[in-house]
Amino acid sequence: MSEAKKFSILIVDDTPKNIQVVASILKELGYQVAFARDGQTALSTAKSAKFDLILLDIMMPEMDGYEVCQHLKTDSRTADIPIIFLTAKTESDNIVKGFEVGGVDYVTKPFNSAELVARVKTHLELRQAREALKKSEQQLRELNAAKDKFFSIIAHDLKNPFAALLGCADLLVQSEPLTEDQKDLAETINMASQQAYDLLQNLLKWSRSQLGHLSCEPESFDICAAVNKTMLLLKNNADNKNIRLISEIEENTLVFADPDMTITIVRNLISNAVKYTSSGGSITVSAKDQGNAWEISVSDTGVGITPEDIKKLFRIDVKHSTHGTAKEEGTGLGLNLCKEFAEKSGGKIGVQSEVGKGSRFYFTLPKPAI
Ligand SMILES: Nc1ncnc2c1ncn2[C@@H]1O[C@H](COP(=O)(O)OP(=O)(O)OP(=O)(O)O)[C@@H](O)[C@H]1O
Ligand SMILES: [Mg+2]
């Protein structure tokens, strides 16, 4: 029984005969055993070495077992050691009190050695499992913190170069004279950097939201202005593919939602629409009054989605991502994020689509209370 060797057990009893009996049973099984004959000695012994279990007599002169247990439970060095009471008292009041002061179990005297051994084994195993759990929880916490740090470094250090890249590519597209080839290259740089930047933003939002760091802070704002702003950012992409962006939302259409999350939804839906629509198509954003909420739609004249593929959308357990009409790549993260944010804002998200005709993605946002 080599497993037993790594466990040490403290036996506390004022009757030497009892200690002898218990110690011999446990030693025979290979456990390391120490003993104390009164409460004070028990406390100092328990603090001086590392014990895995304490067998504690209740009736002892000066300091009884309950008091010893209470002291052990309030000291961080000994609080985690499981304590089994050894007791001649079998009334349930006494037993309940033992549990109340922090004992995990009790064995009645005179001992039945098989019962004693079974209880000792069980509690040692439980303690081992608990410690393993604690250790892996700690490891998990550290890993999470490392991941957090990793993302915040990415967020901080990649945002600026991206902004510069986007700005320069923009200037390059507009600068004259450029040959057609040069213009194409500049547009490709522009589109690729915009896509990479969008992906970066989605990834960061997703990870923060998963870690519970993203709180939903709803406020009243004009969805028309938010949509216009987002359209402006995506205009270059749409122009490159010769796609018209139209907003039919009236000014001062007030919603009550987290602006940042809402913009992420709108940005993802419009950029998907641009991605899955061919040259010459159009994308229309509109708002429908639903009483307590606005239903915002992003409709495109694009490739559409089959009913089987629709079932795979908005799901983190199924990865579904196809290339855009200009071979744009994706991660399949965008719609998951949209669903999560729409639901966090107290709304719903959905899609209607017909292959070859186009798609309409819609989500609801509550109206502000009047
Ligand atoms: N407007 C649309 N028209 C046609 N198919 C679409 C449209 N929007 C989404 N899809 C389909 O749904 C899939 C998932 O969209 P989602 O935005 O989640 O991922 P993605 O665009 O592939 O990647 P990314 O994470 O970069 O957004 C797409 O790959 C595409 O197949
Ligand atoms: Mg997408």
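Colleague: In which loop is Asn 252, and is Asn 252 buried or exposed?
Modeller: In this predicted model, Asn 252 sits in the loop between strand E7 (244-247) and strand E8 (254-257). Exposed means over 50% relative accessible area. Asn 252 has 62% relative accessibility, so Asn 252 counts as exposed.

Colleague: What is the phi of Asn 252?
Modeller: Most residues other than glycine have a negative phi. Asn 252 is not a glycine, yet its phi is positive, at about 60°.

Colleague: Which residue in the loop between H10 and H11 has a positive phi although it is not a glycine?
Modeller: The phi in question is about 65°, and the residue is Lys 327. As for its surroundings, a relative accessibility of 66% is over the 50% cut-off, so the residue counts as exposed: Lys 327.

Colleague: Is Glu 328 buried or exposed?
Modeller: Glu 328 belongs to the loop between helix H10 (307-310) and helix H11 (334-344). Buried means under 20% relative accessible area. Glu 328 has a relative accessible area of 6%, so Glu 328 is buried.

Colleague: With which side chain does the side chain of Glu 328 make a polar contact of 2.9 Å?
Modeller: Leaving aside residues up to four places away in sequence, Glu 328 touches Gln 195, Lys 241, Val 274, Lys 275, Thr 322 and His 323. A polar atom of the Glu 328 side chain also lies 3.4 Å from the backbone nitrogen of Thr 325. The 2.9 Å contact is with the side chain of Lys 241.

Colleague: What is omega for the peptide bond from Lys 109 to Pro 110, and for the bond joining Glu 176 and Pro 177?
Modeller: Most peptide bonds are trans. Pro 110 is in the loop between strand E5 (105-108) and helix H6 (113-174), and Pro 177 is in the loop between H6 and helix H7 (180-210). The bond from Lys 109 to Pro 110 is cis, with omega near -5°. The bond joining Glu 176 and Pro 177 is cis too, with omega about -10°.

Colleague: Which side chain has an N or O atom 2.5 Å from an oxygen atom of ligand 1?
Modeller: The closest residues to ligand 1 are Asn 272, Tyr 276, Ser 321, Thr 322 and Thr 331. For the side chain of Asn 272 the distance from a ligand oxygen to an N or O atom is 2.8 Å, and for that of Lys 275 it is 2.8 Å. The 2.5 Å distance belongs to Thr 322.

Colleague: Which element gives the largest share of the shell around ligand 1?
Modeller: The space that ligand 1 takes is the largest pocket. Two or more residues of the shell come from each of helix H9 (259-275), H11 and strand E12 (358-366). The largest share, three residues, comes from H9.

Note on methods
Residues numbered from 1 in each chain as written. Chains lettered and ligands numbered in written order. Predicted model: local features only at pLDDT ≥ 70, side-chain atom pairs only at ≥ 80, totals over all residues. Heavy atoms only, no water. Helix = DSSP H or I, 4+ residues; strand = E, 2+ residues; numbered from the N terminus. Buried < 20%, exposed > 50% of the residue type's maximum accessible area, 1.4 Å probe, protein only. Polar contact = N/O pair within 3.5 Å; in protein donor to acceptor, adjacent residues only side chain to side chain. Contact = heavy atoms within 4.5 Å. Near = heavy atom within 4 Å. 1 Å grid on protein atoms, 1.4 Å probe; cavity = no way out; pocket = protein on both sides within 12 Å on 5 of 7 lines; lining within 4 Å. Sits in = over half its atoms within 2 Å of the grid points.
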